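Thanks, everyone. I'll talk about cavities and cysteines today. Here it is on the screen.

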Amino acid sequence: MRFAKYHGLGNDFVVVDLRDLRDADAATATAIQDPDVVRAVCDRHFGVGGDGVLAILPAITATSVARMRVLNADGSEAEMCGNGVRCVVEHLHGRGVTANPMAIDTGAGQLVCERVAGGVTVAMGAPRLTRGEIPMAGPPGERCISQPLEARGQVFSVTGVSMGNPHAVIFVDDTTQDLRTLAETFGPTIEKCSTFPARTNVEFVRARSRTELDVVVWERGCGITLACGTGACASVVAAILNNRCDEATDVRVKLLGGSLTIRVLSKMTNVSMTGPARHVFDGELEPLGVA
């Protein structure tokens, strides 16, 4: 099984292109998507290493060029991955897909992506803001904006956002608190708390200005990650809901691995994300089984 290693701001993936496999390769294609194999492949000591496996599959929508399946390092599946979809676009472009823009099917729906001077711009779709859509416990039609959530004896003000996957966004105004330490300490508990029935990504955010945010992400199924595209988008959406940022304005989101540019369109009809995606190396997985 041939693979390619990519990263988006240090959020790294093992990319396997399964679009054109022959029938004889069907078992191999199934194996690489098995949770046990995904965990083995993503192990940084005994495998290739990565935050997840991105399986590129045949499109299911007539206007799309491919489908992306996101398999986290713990073997679970995510609906979407903003850094991952940029990596998939770069991979497809390098394999002869010339469409620009190009549409990719994901678990969160079809996304339209365009290669630009700064990397790849992705139209991420409109954020989902009600508890039923995120999903979160509570009245399904209600929004969760700066609501209390207890974790390990501390109460945080949480804003819930879905960018096709759930996010719990927490603003930290105390400049003496380290965002990464907060994420490492409280992220695992919040990720799995009963308020989020499908678990959640957790963002600790400090607003430097109305156009610049510092964000550290505890990613569902992965842990601390150097970057998270959907997390950056969710953080800007939450900042607008809390009157910390503005619609129709570019916001620079500084993550541990670098920066993304996020713009939330007027009335939150769509969210645009622009950032880099880098090819690292190609290789071959052998064997695919788990010892």
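Start with what lines the largest cavity. This is a predicted model, so keep that in mind throughout. The lining includes Asn72, Ala78, Met80, Cys81 and Gly82. Further along the chain, Asn165, Asn201, Glu219 and Arg220 line it too. Cys228 and Thr230 complete the list. How do those residues split by class? Four are nonpolar, five are polar and two are charged. The volume of this largest cavity is about 70 Å³.

How many cavities of 30 Å³ or more does a search of the whole structure find? Two.

On to the second largest. Its volume is about 40 Å³. Asn11, Phe13, Asp51 and Gly52 are among its lining residues. So are Val70, Leu71 and Asn72. Cys81 and Glu219 belong to this lining as well. Two elements each give two or more residues here: strand 2, residues 11-17, and strand 4, residues 66-72. Which of them gives the most? Strand 4, with three residues. By class, the lining of the second largest cavity has four nonpolar, three polar and two charged residues.

Look at the two lists side by side. Asn72 appears in the lining of the largest cavity and again in that of the second largest. Cys81 and Glu219 also line the largest cavity, and both turn up in the second list.

Now the cysteines. How many disulfides does a search of the whole structure find? Zero. Take Cys144. Why is Cys144 not bonded to Cys193? The closest cysteine sulfur to that of Cys144 is the one in Cys193, and at 10 Å it is too far for a bond. A disulfide needs the two sulfurs within 2.5 Å. Is Cys144 buried or exposed? Buried, because its relative accessible area is 3%, and the cut-off for buried is under 20%.

Next, Cys228, which we met in the lining of the largest cavity. Cys228 is in no disulfide either. The nearest cysteine sulfur belongs to Cys81, 6.6 Å away. Cys81 is another residue lining that cavity. Cys228 has 4% relative accessibility, so it counts as buried.

Last stop, Ala26. Where does Ala26 sit? In helix 1, which covers residues 26-32. Its relative accessibility is 40%, so Ala26 counts as partly exposed. The partly exposed band runs between 20% and 50%. Ala26 and Gly283 are 257 residues apart along the chain. Their C-alpha atoms are separated by 20 Å.

That's my tour. Over to you.

Technical notes: Residues numbered from 1 in each chain as written. Predicted model: local features only at pLDDT ≥ 70, side-chain atom pairs only at ≥ 80, totals over all residues. Heavy atoms only, no water. Helix = DSSP H or I, 4+ residues; strand = E, 2+ residues; numbered from the N terminus. Buried < 20%, exposed > 50% of the residue type's maximum accessible area, 1.4 Å probe, protein only. 1 Å grid on protein atoms, 1.4 Å probe; cavity = no way out; pocket = protein on both sides within 12 Å on 5 of 7 lines; lining within 4 Å. Points joined across faces, edges and corners; volume = space filled by probe spheres on them. Nonpolar A, V, L, I, M, F, W, Y, C, P; charged D, E, K, R; others polar.
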